[in-house]
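Please open the model in a viewer and keep the sequence panel visible. The tour below proceeds by selection, each stop stating what to pick and what is found there.

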Amino acid sequence: TGPVSISDMVTFDTSLPLSEEASTGDYYGYLSYVVGGSGSPPYVETRQFSYIQFKVEEFRKPEFEVEVTTDKESYVNGETIHARAQADLFFGAPLAGAKVDWQVNAQTFYFTSMTFPQHQFGDYGDRAYYYGDGPYYAPEQYVRLEGSGVLDAAGSISIDVPADVASDKSSQHFVIEATVTDENGQIVGAFTGVPVHKGAFYLGL
């Protein structure tokens, strides 16, 4: 326990060093403030108003690594993203037969041009920046696709993702994430991201 100093932005930060003998398991941190009043003796009360929970586990050095790649650096609506997750043991052999869980998420992609930095690209209407009206404030379908599988003998799995943004108001950035679990229960993940464009070109003004 201990006091903290509040900044001008009404924020604070603190740290909790853990000894090497610290027990594993769930830990809780509580925030509280002290209120008091006049009287004899003075009235003092500590009130908790928030808390945080975190887990402490034994460190275990990873035994394998995972990489996610795609066949192209960017895609246009209607194409297919051919992704591959590869898992290899650190001594070089592929990790075969391990379980893979994968997920594809998307968020708005903002196109810019280094050649024309003064131009704006996209479908900007009069209310493009108004909350709830413009394409960049439209509700997004974050999770596009998910599934699971098993790594083949080469330690890899293919993931085909439709690059479909037809129903989106703007281009999207697709993030493909794969999480591999080996026979010992160790979990290692990796991800990669690619833009999916609404069309083959942008008009800049």
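**Stop 1: A charged pair across two strands**

Begin by selecting Lys55 and Asp26: these residues form a salt bridge, and their closest N and O atoms are 2.8 Å apart. Lys55 belongs to strand β2 (residues 43–56) and Asp26 to strand β1 (residues 25–37), so the pair ties together parts that are 29 residues apart in sequence. Asp26 is partly exposed, its relative accessibility being 42%. Please bear in mind throughout that this is a predicted model.

**Stop 2: The other charged pairs**

How many salt bridges does a search of the whole structure find? The search returns four, and two further examples merit a selection here. In general, side chains of opposite charge can pair when their charged atoms come close.

Select Arg144 and Asp168, which form a salt bridge with the closest N and O atoms 2.9 Å apart. Arg144 is in strand β7 (residues 143–150), while Asp168 is in the loop between β8 (156–162) and β9 (172–181), so this pair ties together parts that are 24 residues apart in sequence. Are these two residues buried or exposed? Both Arg144 and Asp168 are buried.

Next, select Lys99 and Asp101, whose salt bridge has its closest N and O atoms 3.9 Å apart. The cut-off for a salt bridge is 4 Å, so this pair is counted. Lys99 is partly exposed at 45% relative accessibility, and Asp101 is partly exposed as well, at 32%.

**Stop 3: The chain as a whole**

Now switch to a cartoon view of the entire chain. The protein chain contains ten strands and zero helices. Of its 205 residues, 26% are buried. Among contacts between residues at least 6 apart in sequence, 66% join residues at least 24 apart. With the surface displayed, the accessible area of the chain comes to about 14600 Å², and carbon and sulfur atoms account for 53% of that area.

**Stop 4: The largest nonpolar core**

Hide the surface and select Phe64, Ile81, Leu95, Leu151, Phe174 and Val180. These are the residues with the most contacts inside the largest nonpolar core, which has 29 residues. The elements giving two or more residues to this core are β3 (64–70), β5 (80–89), β6 (99–108), β8, β9 and β10 (187–197). Which element gives the most to the core? Strand β5 does, with five residues.

Centre the view on Phe64. Apart from its neighbours within four places in sequence, Phe64 is in contact with Ala87, Asp88, Leu89, Phe90, Leu95, Val180, Asp182, Gln186 and Val188.

Then move to Ala83, which lies in strand β5. At 4% relative accessibility, Ala83 counts as buried. Leaving out residues up to four places away in sequence, Ala83 touches Thr69, Thr70, Ile157, Ser158, Ile159 and Ile176. A distance label between the C-alpha atoms of Ala83 and Val68 should read 7.0 Å, although these residues are 15 apart along the chain.

**Stop 5: A nonpolar patch on the surface**

Restore the surface and select Val4, Ile6, Val10, Phe12, Leu31, Tyr33 and Phe49. Together they form a nonpolar surface patch with about 650 Å² of accessible area. Ile6 is located in the segment before β1 and counts as exposed, at 52% relative accessibility.

**Stop 6: Lys198 and its surroundings**

Select Lys198, in the segment after β10. Lys198 is partly exposed, with 34% relative accessibility. Its contacts, neighbours within four places in sequence set aside, are Asn77, Val165, Ala166, Asp168, Lys169, Ser170 and Ser171. Asp168, listed among these contacts, is the partner of Arg144 in the salt bridge visited at the second stop. Which backbone oxygen does the side chain of Lys198 reach? The side chain reaches that of Val165, at 3.0 Å. The C-alpha atoms of Lys198 and Phe109 are separated by 10.0 Å, with their positions 89 residues apart along the chain.

**Stop 7: An exposed loop residue**

Finish at Glu183, in the loop between β9 and β10. Glu183 is exposed, with a relative accessible area of 80%. Its C-alpha atom is separated by 8.7 Å from that of Gly97, a residue 86 places away along the chain.

How values were computed
Residues numbered from 1 in each chain as written. Predicted model: local features only at pLDDT ≥ 70, side-chain atom pairs only at ≥ 80, totals over all residues. Heavy atoms only, no water. Salt bridge = Lys/Arg side-chain N within 4 Å of Asp/Glu carboxyl O. Helix = DSSP H or I, 4+ residues; strand = E, 2+ residues; numbered from the N terminus. Buried < 20%, exposed > 50% of the residue type's maximum accessible area, 1.4 Å probe, protein only. Contact = heavy atoms within 4.5 Å. Areas by Shrake-Rupley, 256 points an atom, 1.4 Å probe, with all protein chains shown as cover. Patch = residues over 30% accessible without salt bridge, like charges linked within 9 Å, V, L, I, M, F, W, Y side chains within 5 Å. Core = buried A, V, L, I, M, F, W, Y, C linked by side-chain atoms within 4.5 Å. Polar contact = N/O pair within 3.5 Å; in protein donor to acceptor, adjacent residues only side chain to side chain.
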